Amino acid sequence: MPEQIEDNEKKAKKITREQYRRYWIQASVVILAAFIIIIFYFCVKRYAGIGKGFSKLNSILSPIIIGFVLAFLMNPIMRALEKGMLPFFLSRSKNEKKTRHRVRNASSLISLAIFLGIIAVFLWAVVPQLVDTVNDLINNIDDQIVGVIDWADNLTKGYFADQMKAARDTKNIENALHSALGYVRDYLNLGASDNIVKTLTNLGISVGKGILNAFLGIIVSVYVLNSKEVFKSHTKKIVYGFFNTSHANEVLDIGRKAKEVFYGFISGKIIDSVIIGVLCYFLMLLFRFPYPMLCSFIIGVTNVIPVFGPYIGGLFTVPLVFMNNPVMGIYFLIFVIVLQQVDGNIIGPAILGNSTGLSPFWVVFAIVIGGGLFGVIGMLLGVPTVALLYYIGGKIANWAVEKRGHTTNSTEYIDLKAIDPKTNEMIIKTEEEKRYSNPFRKSRFISKIKKLIKKKEKK
């Protein structure tokens, strides 16, 4: 009897501890949910203030952000240089530590010189042609508009001859151009001369800040490249200090996945866009399309944006070619569609592969949300960000179902009907249930039964 009483007391204490633990978990979830709701309400209520705060913080941290971005882009070049230089100098040196430090400094500076050299060559080759093209557009826009009107008149076989004649009038063209410029001025708030001066002053200040931030960012990038191992070691030390070992391992795994996704997607997108821009330029020269440099530059830059980039590029370039030669504009539209199909089905997959692991729905979702919140940068970084969140969500889902003794194989849940709570066994739909689980098929099946019932009632 004493042993039974002792066992009963132990069971009672165990039940009490389990109940306490369950209540504590429920209370924690409620408190966390309430905290998240309060933060969300505050963010919605104070959206303008938060936006200004983030804008101010971004302005202050711009040199640091630029430095990390440059280091991110230059790191592959530096690693390749270091890999080639290090064995040669180590074999001729007695002090390994100093040699590694000197090779790292040299490779980071050379990678910076290569990166800036590529940008300088690009600007030297592209900017003069872009300026000439824009000047040509501005100087000949009247003749181009008249050419489009003549083409439309010939296409309609003079059916709208009076309207076309009025449209050719120089005064009407000038009025239309002035109206278009008026819309631009109103949009940019350039109505008065004071506003123009203010806008130009702000533009000059912004350009000056941009140049200074870029210069500071270059210095920061060199320090980041030279000290990247120090950043890694400190980060890992903090992670293992704040989390237990298993959770810290998961955090580092997520960090490695983030590096893989962002590096693979961004570097692949840049290479893909450069290839598309160069290919577009030479093909435009081959087919003798006008403005090859300007159009290829726009298409190459907008191609960085996933999915919607080609359409944005075509939206700017097709009207330019159409204004110069309407027939060539139609051909150029077909050319852009074919080029983007080649990129989307051949070049892009060959370079990017399955670097994100996202379905088309999630890619579009990431672009729409990222673009709506952060503009062009959000459209570019939205896809790898959602890919990383998708990966983290998958790990959490696998952990949750594994904890309850269920399989982590997603395909086994497709035809799942239920799970037996006692045996934990998965109950799969029968072939008949699969057949009539489709609402359309189910409605057809029900309608057939109703028809049979009506026939029997008539008989």
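Colleague: Why is Lys 83 called exposed?

Modeller: A residue is called buried under 20% relative accessible area, exposed over 50%, and partly exposed in between (1.4 Å probe, protein chains only). Lys 83 has a relative accessible area of 71%, so Lys 83 is exposed. The place of Lys 83 is in helix H2. Helices (H or I, at least four residues) and strands (E, at least two) are DSSP runs, numbered from the N terminus.

Colleague: On what kind of model do these statements rest, and which residues and atoms count?

Modeller: This is a predicted model, in which local features need pLDDT of at least 70 and side-chain atom pairs count only at pLDDT 80 or more, while totals for chains, interfaces and linings use all residues. Residues are numbered from 1 along each chain as its sequence is written, and side-chain values use heavy atoms, with hydrogens and water left out.

Colleague: How do you know in which helix confidence is lowest and in which it is highest?

Modeller: The predictor's confidence in each residue is its pLDDT, from 0 to 100. The mean for the protein is 75, and 70% of its residues reach 70 or more. Confidence is lowest in helix H15 (residues 439-458), with a mean of 57, and highest in helix H10 (residues 292-302), at 86.

Colleague: What makes Lys 83 and its partners a positive surface patch?

Modeller: Patches are made of residues with over 30% relative accessible area and no salt bridge, where like charges are joined within 9 Å and nonpolar side chains (Val, Leu, Ile, Met, Phe, Trp, Tyr) within 5 Å. Lys and Arg count as positive and Asp and Glu as negative, while His and the chain ends are not counted. The place of a charge is taken as NZ of Lys, CZ of Arg, CG of Asp or CD of Glu. The residues that form this patch are Arg 79, Lys 83, Lys 232, Lys 236, Arg 256 and Lys 259. Helix H2 (47-90), helix H8 (228-242) and helix H9 (245-287) each give two or more residues to the positive patch.

Colleague: Which helix gives the most to the nonpolar patch?

Modeller: That is helix H13 (residues 360-403), with 9 residues. The nonpolar patch includes Val 307, Trp 362 and Val 368, and its residues together have about 1,200 Å² of accessible area. Accessible areas come from the Shrake-Rupley method with a 1.4 Å probe, and for residues only the protein chains shown count as cover.

Colleague: How do you know that Arg 104 and Glu 229 form a salt bridge?

Modeller: A salt bridge is a side-chain nitrogen of Lys or Arg within 4 Å of a carboxyl oxygen of Asp or Glu. For Arg 104 and Glu 229 the N to O distance is 2.9 Å, and their side chains meet in a salt bridge. Arg 104 lies in helix H3 (residues 96-139) and Glu 229 in helix H8, so the pair ties together parts that are 125 residues apart in sequence. Glu 82, Arg 104 and Glu 229 are linked in a network of salt bridges. By this rule there are 6 salt bridges.

Colleague: What makes Arg 104 buried and Glu 229 partly exposed?

Modeller: Arg 104 has a relative accessible area of 8%, and is therefore buried. Glu 229 has 39%, and is therefore partly exposed.

Colleague: How far apart are the atoms in the salt bridge of Asp 272 and Lys 269?

Modeller: The N to O distance is 3.8 Å. Both Asp 272 and Lys 269 lie in helix H9, 3 residues apart, about one turn of the helix. Asp 272 has 1% relative accessibility and therefore counts as buried. Lys 269, with a relative accessible area of 8%, is buried.

Colleague: Why is H10 described as mostly covered?

Modeller: In H10, 9 of its 11 residues are buried. Among them are Pro 292, Met 293 and Ile 298. Met 293 has a relative accessible area of 14%, so Met 293 is buried. Met 293 and Leu 130 are 163 residues apart in sequence, and their C-alpha atoms are 6.7 Å apart in space.

Colleague: What is notable about phi in Arg 288 and Tyr 291?

Modeller: Most residues other than glycine have a negative phi. Arg 288 has a positive phi of about 60 degrees although it is not a glycine, and phi of Tyr 291 is near 55 degrees. Arg 288 lies in the loop between H9 and H10, and Tyr 291 lies in the loop between H9 and H10 as well. Arg 288 counts as exposed because its relative accessibility is 73%, whereas Tyr 291 is buried because its relative accessible area is 7%.
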